[in-house]
Amino acid sequence: MDYLTDKKEIGKRLKNIRKEKYKTQEAFAEALNLSDRKTVSKWETGETEIPITRLADICRLLDCDLDYLFGKIDVPKNQTNNVMVETEDLEVTLEQQYMVV
């Protein structure tokens, strides 16, 4: 699947996940330290692009992957990444515990 480039489609994904975590645009705007909800509204309707400087904060607040917002994956959180991290942690722990070289 290719990444989405259409601001309206990205905005729809943002709106869908935002509504799960924040009931209103105002609450989300406040969490992002924005002066008002109009900025969030413009992102959700595709009127303006989401600034790259805001993407990390948005994904952190919404607990979603950037790949979800841009259409690369269809679930907000990529579970595969979590499993890989846990496996790596387990391997490091086992190496430390059993001095595996």
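Is R18 buried or exposed? In this predicted model, R18 has a relative accessibility of 4%, which places this arginine among the buried residues.

## R18 and its partner E44

R18 sits in helix α1, a helix that spans residues 7–21. Leaving aside residues up to four places away in sequence, the neighbours that R18 touches are K23, T24, Q25, F28, E44 and L62. Among these contacts, E44 deserves separate description, since the side chains of R18 and E44 are joined by a polar contact of 2.7 Å.

The pairing of R18 with E44 also qualifies as a salt bridge, in which the closest N and O atoms lie 2.7 Å apart. The two partners come from distant parts of the chain, with R18 in helix α1 and E44 in helix α3 (residues 38–45), 26 residues apart. E44 is buried as well, because its relative accessibility of 6% falls under the 20% limit for that class. In general terms, side chains of opposite charge can pair when their charged atoms come close.

## Other salt bridges

The structure contains six salt bridges in total, including the R18 and E44 pair already described. Another one joins D57 and R60, whose closest N and O atoms are 3.4 Å apart. D57 and R60 are three residues apart in helix α4 (residues 52–62), and therefore about one helical turn separates them. Their accessibilities place them in separate classes: D57, at 30% relative accessibility, is partly exposed, whereas R60, with a relative accessible area of 57%, is exposed.

A further salt bridge is made by the side chains of K77 and D63, with an N to O distance of 3.2 Å. Here, too, the pair links distant parts of the chain, since K77 belongs to the loop between α5 (66–69) and α6 (79–98), while D63 belongs to the loop between α4 and α5, 14 residues apart. K77 counts as partly exposed at 29% relative accessibility, and D63 is likewise partly exposed, with a relative accessible area of 39%.

## The cysteines C59 and C64

How many disulfides does a search of the whole structure find? The search finds zero. C59 takes part in no disulfide, and the nearest cysteine sulfur to its own, that of C64, is 4.2 Å away. Seen from the other side, C64 is also in no disulfide, with the sulfur of C59 as its nearest cysteine sulfur at 4.2 Å. The pair is not assigned as a disulfide because the sulfur atoms would have to lie within 2.5 Å.

Both cysteines are buried: C59 has a relative accessible area of 10%, and C64 has a relative accessible area of 5%. For C59, the assignment follows because 10% is under the 20% limit that defines a buried residue.

## K7 at the start of helix α1

K7 lies in helix α1, the helix made up of residues 7–21. With a relative accessible area of 32%, K7 is partly exposed, in contrast to R18 of that helix, which is buried at 4%.

Not counting residues up to four places away in sequence, K7 touches W43, G46, E47, T48 and E49. One of these contacts, W43, is 36 residues away from K7 along the chain, yet the C-alpha atoms of K7 and W43 are separated by 7.7 Å.

How values were computed. Residues are numbered from 1 along each chain as its sequence is written. This is a predicted model: local features need pLDDT of at least 70, side-chain atom pairs count only at pLDDT 80 or more; totals for chains, interfaces and linings use all residues. Side-chain values use heavy atoms; hydrogens and water are left out. Helices (H or I, at least four residues) and strands (E, at least two) are DSSP runs, numbered from the N terminus. Buried means under 20% relative accessible area, exposed over 50%, partly exposed in between (1.4 Å probe, protein chains only). Contact means heavy atoms within 4.5 Å. A polar contact is a pair of N or O atoms within 3.5 Å; within protein, one must be able to donate a hydrogen and the other to accept it, and residues adjacent in sequence count only if both atoms are side-chain atoms. A salt bridge is a side-chain nitrogen of Lys or Arg within 4 Å of a carboxyl oxygen of Asp or Glu.
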